[in-house]
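Hi everyone, thanks for coming along. I'd like to walk you through one model, starting from the inside and ending at the surface.

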Amino acid sequence: MRRVALLGICLALPPVAQRADAQATYTLKPTPKTVAWGYYDAKTPPALRIKSGDTVEIQTLITNSPKRLEEAGVPPDQVEQSLRDITDQVKD
């Protein structure tokens with residue numbers, strides 16, 4: 001059984017857009033570089049650094065494997081590629 005994917009680990013992302021008042025808007029997507037399976041490690045660099053007043057949209061995924069989704073009847077083309085990538089690449 002897979003553990004829950006937790007966001008917030010490895011990649012500093014550039015702002016998606018910047019407003020005139022110097023506040024930034026960010027989107028943090030689930031990728032093999034921005035998730036960890038079932039733990040937080042204080043030694044891991046943050047996935048994103050922001051300033052007070054910045055806005056962050058955090059995208060998440062279902063915590064099931066592509067195989068189990070397909071076994072439950074979800075068509076393979078409806079399983080998000082990012083979930084496949086995370087399942088295949090995140091081993092820690």
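By a nonpolar core I mean a set of buried Ala, Val, Leu, Ile, Met, Phe, Trp, Tyr and Cys residues joined through side-chain atoms within 4.5 Å. Buried means under 20% relative accessible area, exposed over 50%, and partly exposed in between, with a 1.4 Å probe and protein chains only.

A quick word on the source: this is a predicted model, where local features need pLDDT of at least 70, side-chain atom pairs count only at pLDDT 80 or more, and totals for chains, interfaces and linings use all residues. Residues are numbered from 1 along each chain as its sequence is written, and side-chain values use heavy atoms, leaving out hydrogens and water.

So, the largest nonpolar core has eight residues: Val-35, Trp-37, Leu-61, Leu-69, Val-79, Leu-83, Ile-86 and Val-90. At least two of them come from strand 4 (35-37), and at least two from helix 2 (81-89); helices (H or I, at least four residues) and strands (E, at least two) are DSSP runs numbered from the N terminus.

There is also a second, separate core of five residues, among them Ala-24, Tyr-26, Ala-47 and Leu-48.

Now look at strand 3, residues 24-28: four of its five residues are buried, so the rest of the structure largely encloses this strand. Strand 3 runs parallel to strand 5, joined by four bridges; pairing takes at least two DSSP bridges. Leu-28 sits opposite Ile-58 of strand 5.

Finally, what about Ile-50: buried, exposed or partly exposed? Ile-50 lies in the loop between strand 4 and strand 5 (55-58), and is partly exposed, at 46% relative accessible area.
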